[in-house]
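Hi,

Here is the structure I said I would pass along. Have a look at it first, and my notes on the charged residues follow below.

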Amino acid sequence: MQSINKLSDRLAQRIAAGEVVERPESILREFIDNSIDAHSSEIIIEIENGGIDCVLVRDDGKGISREDLNVIANRHATSKIKNEDDLYNIRTLGFRGEALYSISSVSRLTILSHDRENGDANKLVIDNGERKDIEKAALEKGTVIKAEDLFLDIPARRQFLKKASTEANACKNLVIARALANPSIAFKFYSDGALKLNFEKAESLKERIMMYYRPLGIESADVMHLKGSDEDYSIDIVATTSARRRSDRKEIRIYVNGRPVDEYSLMQAVSYGYGELLPGGSFPYAAVFINDKAEFVDFNIHPAKKEVKIRNINDIHHAIVLLLKNGIERKIPEIKAEEDNSTLFKDDEWQSLSVRTVRRGTGNDYSYGSFKRAELKVSDKSYNYDKTDRPKDSSWIEKAKEIRREREERERLSIENTVKEVKKEKEVVHPLFHYIGQAFNLFLIAEKDDELYFVDQHAAHERIIYDELLEKKSVQRLLVPIELDTEEDVSIFLDKSKDIYSRLGIELEKKDGKWFIVSLPSVAREIEKEVAAFISLNTGDEKELEMNIFAIIACKSAVKAGDELDRFSAEAILEKVFAMKEPACPHGRTFLIKLKEKDLRLMVGRTG
């Protein structure tokens, strides 16, 4: 009995469509890519019910001729490649000739197009694989392509679609991804008739990306545009400084020849490029645009074309790391006021504030009233002054005058003492900054120019010790050497590389097959065991070892959160902090923030 059946064309068509059309986003991706390939300057996208009911894309590109409409949406029908050699020299976003064929098999596909060359417009409808006759149409320019009722004839597939809001969000993210890479094209995105995205034409990649970053609260000053090139490729990176970061990699975007791709090794290169500028677990906002020779890139891996093989990926990886390492700035985070005047009070608006006043003599009886400046009125009658309440003894006037003179004398002395304290305070003001004090036994607060600085005392002291270790200050020879408990691989490593540690002020000697620490930096004397344990267990890259051993020594030796510092110690730390070019602890964490005077004034409603 025959068990192998030849599938019908309709069934084979729908099975093939499953590779290309997963959800409305898949359709939208193919439509937009075709509009970009058609040299459009404006692309308008409309979806209904998350794209499940309708996905429509309108462009002003070169259009499609009637002859091409006759063969379009047939399997493997494409204008992008003609022979096998073209497959390895792809310069367009679309090329496989599968997308429209697959879309037309699982939805009602309508194409209206004005052929710029011939000047006529035509319409083609393909309803779930059933092709209609081409008709004349009224369209002045470009192409309008629409897919309706996705998977309506395949209920089993339709039920696996997400809810409309989720599908709409996927479409929106796709439009953002395509818009960022094409600044010369205007994009508009409508969902259920509401305008959700509006990217106007931009003069540069940075200008276009700032259209996306600004609503996220990122300012242009915190974004850098880095460029690099080689004989075979060029790289543009638009990325944030160290002042802006995320807890995930979602905003590290990689584009190869204009196409967004999922390429982990290149995302990793971005993280390597930032290095210690960002603390562990933090990632930047970065868009990397790579233009590589077409023959070095192969997108012909998956119908969605999200994956790519790059022949010279190692060279590009290295170039990305160097561009970022040499170009990205560390910036001190700032506290900024939100300039929302509706929440700020001007001086003459205090009279309208509602306040809670306590009626005297009534315990917890509260009333609500209003005040202007310092004028408060007490409404309780028991506190109204009456002539009958005056003392009958006439000497009360002299007594009142004496009380007044005493009060004025106390005020005069208080003012003199205050002046003396201010003068004394000014005498100890540091020439570079004014130390204000310590908060929560953790943050040092200082005023410098027109800004307040809040400094994490532990992380700052870590960095100071780290810098001193780099300069090999105060290395002491031990009276009793410390024996190391090393495995064979570590012992072999130390035979070849003990100079790594000697450059750090840690002298090692080998006697009778055993290793000993004979000298240590003075700041490490209290943590000899931790240092010995690290050396006994670790081998590897010189820079990594240096970084880790310094971090251990600095972290253990630094003042701790909760330590109360005297003024001299605090100012000594701050002086060195303000002399640093890049204020970050050995682990890469920025340890201070600043607040401008003008922002502080805005926060409390002071406009003058």
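**Salt bridges and other charged spots**

Arg108 comes out as partly exposed, at 31% relative accessible area. Keep in mind that this is a predicted model. The side chain of Arg108 meets that of Asp127 in a salt bridge, at 3.3 Å from N to O. That pair links distant parts of the chain: Arg108 sits in strand S3 (residues 108-114) and Asp127 in strand S4 (residues 121-127), 19 residues apart. Asp127 is partly exposed too, with a relative accessibility of 25%.

What else is tied into that pair? Arg108 and Asp127 belong to a network of salt bridges together with Lys146 and Glu148. Lys146 and Glu148 form a salt bridge of their own, and their closest N and O atoms are 4.0 Å apart. That one just makes the list, because the cut-off for a salt bridge is 4 Å. On exposure, Lys146 is at 24% relative accessibility and Glu148 at 21%. Glu148 still counts as partly exposed because buried means under 20%.

Now for a neighbour of that network in space. Glu48 and Glu148 are 100 residues apart in sequence, yet their C-alpha atoms are 9.2 Å apart. Glu48 is found in strand S1, which covers residues 42-48. Which residues does Glu48 touch, once those up to four places away in sequence are set aside? They are Asp53, Cys54 and Asp192. Glu48 itself is partly exposed, with 43% relative accessible area.

There is also a pair within a helix. Glu597 and Arg601 form a salt bridge, with 3.1 Å between the closest N and O atoms. Why do these two residues lie about one helical turn apart? It is because they are four residues apart in helix H16 (residues 597-603). Glu597 is partly exposed at 40% relative accessibility, and so is Arg601 at 31% relative accessible area. As a general point, side chains of opposite charge can pair when their charged atoms come close. A search of the whole structure turns up 23 salt bridges, and the ones I have described are among them.

Charges of one sign gather as well. Asp485, Glu487, Glu488 and Asp489 make up a patch of negative charge on the surface. Where does Asp485 sit? Its place is the loop between strand S23 (475-483) and helix H12 (488-502). Is Asp485 buried or exposed? Asp485 is exposed, at 68% relative accessible area, because the cut-off for exposed is over 50%.

Some totals, in case you want them for setting things up:

- The protein has 16 helices and 26 strands.
- Of its 608 residues, 43% are buried.
- Counting contacts between residues at least 6 apart in sequence, 66% join residues at least 24 apart.
- The protein exposes about 35000 Å², and carbon and sulfur atoms supply 48% of that.

If you open just one spot, I would go for the network of Arg108, Asp127, Lys146 and Glu148.

Cheers

Methods. Residues are numbered from 1 along each chain as its sequence is written. This is a predicted model: local features need pLDDT of at least 70, side-chain atom pairs count only at pLDDT 80 or more; totals for chains, interfaces and linings use all residues. Side-chain values use heavy atoms; hydrogens and water are left out. Buried means under 20% relative accessible area, exposed over 50%, partly exposed in between (1.4 Å probe, protein chains only). Contact means heavy atoms within 4.5 Å. Patches are made of residues with over 30% relative accessible area and no salt bridge: like charges are joined within 9 Å, nonpolar side chains (Val, Leu, Ile, Met, Phe, Trp, Tyr) within 5 Å. Accessible areas come from the Shrake-Rupley method with a 1.4 Å probe; for residues, only the protein chains shown count as cover. Lys and Arg count as positive and Asp and Glu as negative; His and the chain ends are not counted. The place of a charge is taken as NZ of Lys, CZ of Arg, CG of Asp or CD of Glu.
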